[in-house]
Amino acid sequence: MRAALTIAAKDLRQRLRDRSAIVMAVVAPFMLAAIFAMLLPADQGFHTEYAVVDLDGGPVSASFVQEVLPGVAEAGFADLRSIADRPEAEALVEDGEIGAAFVIPEGFSAAIMGGTDASISVIGNVDAALSAQIAEAIATSYAEEVNAVSLSVAAALGGFTNVQPGTLADMSSRAAGFEPSIAVEELTADLKQMSSKTFYSASMAIMFLFFTAQFGILSILSERRQGTLPRLVAAPVGPWSIVVGKALTGFVIGAIAMFVLIVASTLLLGADWGNPLGVGLLALGGVTSATGVSAMAATMAKTEEQASGWNAILAMSLAILGGTFFSLARAPEVISRLSLITPHAWFLRGLDELASPTSAVSDVFRAVAVMVGNGVVTGGIGLITARRLVVGR
């Protein structure tokens, strides 16, 4: 083991003096994360604006305008404005100044109280689909409340054949003044996703980790090309010590790169990775997986250039499938399932777990176990193949 540590220390000194390794391990992922953070808007809560056109002015429309819609404003996700007529509301929606408009036609209250059909129109902005959907849901819920009241009045009068007009008017008037049971309130979900700054910082870190971790095993091919590997084998050092020392180099470089990126993105980009202990476990799991996968890919090649090319193809394919460039939340189910074969998806999934305000370190154990298992299996294959390269068989 002492020989392996000596080999790893020698390779680490060489790699840390190599500027290209530093660029690949730290500078490139940090710069890409910073660019994504600048190009994408800051995370903001949903907010929209609605307009209401009350052409009726009756008791039923007043119930909607004065009791239901104010609850939307109080919830904090929308502002309300009163508009005089429908053409003005349509113009505001078309110009994108508001998300949707509620139009209550003239005679709406009289129609409801008289038992005839009436409707509230919702004019939605095509570029603000969520705002329009929420507005439609609010109007639909209110219509259901009104229908329920109408049915109750009809049921109450069902057994009477001779109803005085004054009695019917009185019951309709009292029913029209009912208090809507619609409630709009803001709730905090138990689970949430990472912010965009954290997502891209983590995505670039795990993607470039698969380029960084290859440096250790690649040095076997490099030393064989330079002619120094036979001399190393001739020394009183076992083949496994050489292989383990090279793999340890990649692991340590990857761990250092992850630590630097986590700290730098937190301090300079405002990323919020979550519980430090959970993040540390995920980082070590990711480094283990990257070291194993890179070792397996590199040792299947015969030259440095071929190994670098194969590792780059594998790293980029896994990164794309694992959702490092875009969230898989809206991806087809088959893609979401396939992504689970990648360490990238498990790393990002673990960070999503830590983004919850009620998260615990134990929430990331599954993701860490999957990544470590992946690294052990692929790394075992890579180390066996690397030993054959060392002994020349």
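This report covers the nonpolar cores, empty spaces and salt bridges of a predicted model.

**Nonpolar cores**

The largest nonpolar core has 41 residues. Within it, F210, M258, W273, L282, F347 and L351 touch the most other members. Seven helices are named as giving two or more residues to this core: helix 2, helix 8, helix 11, helix 12 (276-299), helix 13 (304-321), helix 15 (343-354) and helix 16 (365-391). Helix 8 provides the largest share, with 11 residues.

L351 shows how this core is knit together. Leaving aside residues up to four places away in sequence, L351 touches M194, A202, W273, V279 and L282. Two of these partners, W273 and L282, are themselves among the core members that touch the most others.

A separate core lies apart from this one. It has 21 residues, including V60, I138, A139 and V146. In general, nonpolar side chains of soluble globular proteins tend to be buried together.

**The cavity**

A search of the whole structure turns up one cavity of 30 Å³ or more. The volume of the largest cavity is about 50 Å³. Its lining consists of P29, F30, A33, S201, M204, A205, L261, S265 and W273. By class, seven of the lining residues are nonpolar and two are polar, with no charged residues.

Three helices each supply at least two residues of this lining: helix 2 (19-39), helix 8 (196-212) and helix 11 (239-269). These helices also give two or more residues each to the largest nonpolar core. W273 appears in both places: it lines the cavity, and it is one of the core residues that touch the most other members.

**The second largest pocket**

This pocket holds about 330 Å³ of space. It is lined by 17 residues, and I112, A118, S119, A143 and N147 are the closest to its centre. Helix 5 (108-113) and helix 6 (129-157) are the elements that give two or more residues to the lining. Helix 6 gives the most, with eight residues.

The lining is mixed in class. Nine residues are nonpolar, six are polar and two are charged. The lining of the largest cavity, in contrast, has no charged residues.

**Salt bridges**

How many salt bridges does the structure hold? There are two. The table lists each pair with its N to O distance.

| Pair | Closest N to O | Location |
|---|---|---|
| R81 and E49 | 2.9 Å | strand 2 (residues 78-82) and strand 1 (residues 48-54) |
| E90 and R86 | 2.9 Å | helix 4 (residues 86-94) |

The first pair links distant parts of the chain, with R81 and E49 lying 32 residues apart. The second pair sits within one element. E90 and R86 are four residues apart in helix 4, so about one helical turn separates them.

Are the partners buried, partly exposed or exposed? R81 is partly exposed, at a relative accessible area of 28%. E49 is also partly exposed, with 21%. That value falls in the partly exposed class because buried means under 20%. In helix 4, E90 counts as partly exposed at 35% relative accessibility. R86 is partly exposed too, with a relative accessible area of 34%.

Technical notes:
Residues numbered from 1 in each chain as written. Predicted model: local features only at pLDDT ≥ 70, side-chain atom pairs only at ≥ 80, totals over all residues. Heavy atoms only, no water. 1 Å grid on protein atoms, 1.4 Å probe; cavity = no way out; pocket = protein on both sides within 12 Å on 5 of 7 lines; lining within 4 Å. Points joined across faces, edges and corners; volume = space filled by probe spheres on them. Nonpolar A, V, L, I, M, F, W, Y, C, P; charged D, E, K, R; others polar. Core = buried A, V, L, I, M, F, W, Y, C linked by side-chain atoms within 4.5 Å. Buried < 20%, exposed > 50% of the residue type's maximum accessible area, 1.4 Å probe, protein only. Contact = heavy atoms within 4.5 Å. Salt bridge = Lys/Arg side-chain N within 4 Å of Asp/Glu carboxyl O.
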